[in-house]
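Let's walk through this fold together, one piece at a time. Keep the viewer open so you can follow along as we go.

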Amino acid sequence: MGNKPIVDLTGRRFGRLKAKEMANYRKGRRVVWTCECDCGNIIDIPGINLTKKNGTKSCGCICRKHGMFGTRIYGVWRSMKERCYVKNNISYPNYGGRGIKVCPEWQEFIPFMKWSYANGYDENAERGECTLDRIDPNGDYCPENCRWVSMSVQANNKTDNVYIEYKGTVDTLSNHARKEGISPVLAETRKIQGKSVDEIFSKESLRKSKKVAQYDKNMNLIKIWNSCKEVCEKTGYKEPSIRGCLAGHTKTSMGYIWEYIEDE
């Protein structure tokens, strides 16, 4: 029926586990193997869980031994490995997909944990103030290429950072934006739109408000408003609903037809 041949795992090692024999039952369609762990425990594990990348490596004694399973630092280590080896991880394309790997030493949790506590990891730090960062964003996760820094420092170390000169200083677009008190995302959006340097870092809104015409359902003009914002402030109508009508997503909103008035 086209079934794949069973791969014999007898005698093969997977971390602390050694496959002893095929179990006399399956989990669904998956072949199950009886394994002996180095700690002496016997456990049955589906073969696919043994052979896949970042698969099962012990009966669970590793986590029980160090007692750190579920802790913040353990989560960092697990996330690091998943980014590099789990293809359905949302971050895989920017890590494992680019060839970024975890060094052999850090394939096990304990060495990573010891390095972290000796090199600035603070388990009591606020979220975003102590994150694992690769000094060379194109390099692997290893002691020589990693450090613990704040999220803002890490963001400034991305491969796609844009450097720009403003007020006589060359710095990243995001750093200039923060100094000027505007959102880095807004600054990036303005740059993509082709705005000048002064416009990119302007605190003033660069959007020109369009006037809005309000009609009844028979297209009889009721009123002309200076902007959608004015409509909502004066009437209490929900802005997303009005804008949906203005964008053509709905025919009416709040019982009226709304249209932008183009500048002459």
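What follows is a guided walk from the whole chain down to single residues.

Please keep in mind that this is a predicted model. Taken as a whole, the chain's secondary structure comes to ten helices and eleven strands. Of its 264 residues, 36% are buried. If you look at contacts between residues at least 6 apart in sequence, 36% of them join residues at least 24 apart.

A good place to start is the sheet built from the early strands. Here four strands form an open sheet in the order 1-2-3-4, and the pairing is antiparallel. Its edges are strand 1 (13–14) and strand 4 (42–46), each of which pairs on one side only. Strand 1 is joined to strand 2 (residues 17–27) by two bridges, and the two run antiparallel. To find this pairing on screen, pick Phe-14, whose bridge partner in strand 2 is Leu-17. As background, strands of a sheet pair through backbone hydrogen bonds, in either a parallel or an antiparallel way.

Next, move along to a pair of helices. Helix 3 (residues 72–85) packs against helix 4 (residues 109–118) at an angle of about 120 degrees, and their axes are 10 Å apart. How should we describe that arrangement? An angle from 65 to 115 degrees would count as roughly perpendicular, and one over 145 as roughly antiparallel; helix 3 and helix 4 are therefore oblique to each other. The crossing of helix 3 past helix 4 is right-handed. On the helix 3 side, the contact is made by Ile-73, Tyr-74, Val-76, Trp-77 and Met-80, while helix 4 contributes Phe-109, Phe-112, Ser-116 and Tyr-117.

Now for a hairpin. Strand 7 (residues 163–166) and strand 8 (residues 169–172) run antiparallel and are joined by four bridges. Within this pairing, Ile-164 stands opposite Asp-171 of strand 8. Strand 7 also has two faces: Ile-164 and Tyr-166 lie on the covered one, and Tyr-163 and Glu-165 on the uncovered one.

Two residues separate the strands of this hairpin, and Lys-167 sits in the turn. Which feature of the Lys-167 backbone deserves a look? Lys-167 has a positive phi of about 55 degrees, although it is not a glycine. For comparison, most residues other than glycine have a negative phi. Lys-167 has a relative accessible area of 62%, and the cut-off for exposed is over 50%, so Lys-167 is exposed.

The walk continues with a second open sheet. This one has three strands in the order 10-9-11, with antiparallel pairing. Strand 10 (221–225) and strand 11 are the edge strands, each pairing on one side only. From one strand to the next, the twist averages 25 degrees. Five bridges connect strand 9 (residues 211–215) and strand 11 in the antiparallel sense. Among the residues involved, Gln-214 has Trp-258 of strand 11 as its bridge partner.

Two helices pack on this sheet. Helix 9 (residues 228–235) touches strand 9, strand 10 and strand 11, and its direction makes about 110 degrees with that of strand 10. Helix 10 touches strand 9 and strand 11, and its direction makes about 70 degrees with that of strand 11.

Our last stop is the loop between helix 10 (239–246) and strand 11 (257–261), where Ser-253 is found. Is Ser-253 buried or exposed? Its relative accessibility is 2%, and buried means under 20%, so Ser-253 counts as buried. What does the side chain of Ser-253 contact? It makes a polar contact with the side chain of Ser-241, at 2.5 Å. Leaving aside neighbours within four places in sequence, Ser-253 is in contact with Ser-241, Ile-242, Cys-245 and Trp-258. You have already met Trp-258 as the bridge partner of Gln-214.

Met-254 lies in that loop between helix 10 and strand 11 too. Its phi is near 60 degrees, a positive value in a residue other than glycine. With a relative accessible area of 37%, Met-254 is partly exposed.

Definitions and conventions: Residues are numbered from 1 along each chain as its sequence is written. This is a predicted model: local features need pLDDT of at least 70, side-chain atom pairs count only at pLDDT 80 or more; totals for chains, interfaces and linings use all residues. Side-chain values use heavy atoms; hydrogens and water are left out. Buried means under 20% relative accessible area, exposed over 50%, partly exposed in between (1.4 Å probe, protein chains only). A polar contact is a pair of N or O atoms within 3.5 Å; within protein, one must be able to donate a hydrogen and the other to accept it, and residues adjacent in sequence count only if both atoms are side-chain atoms. Contact means heavy atoms within 4.5 Å. Two strands pair if DSSP finds at least two bridges between them. Axes are lines fitted to C-alpha atoms, for helices over the stretch in contact, and angles run from 0 to 180 degrees between N-to-C directions. Angles under 35 degrees count as roughly parallel, over 145 as roughly antiparallel, 65 to 115 as roughly perpendicular and the rest as oblique. A crossing is left-handed if the near helix is turned anticlockwise from the far one by less than a right angle, and right-handed if clockwise.
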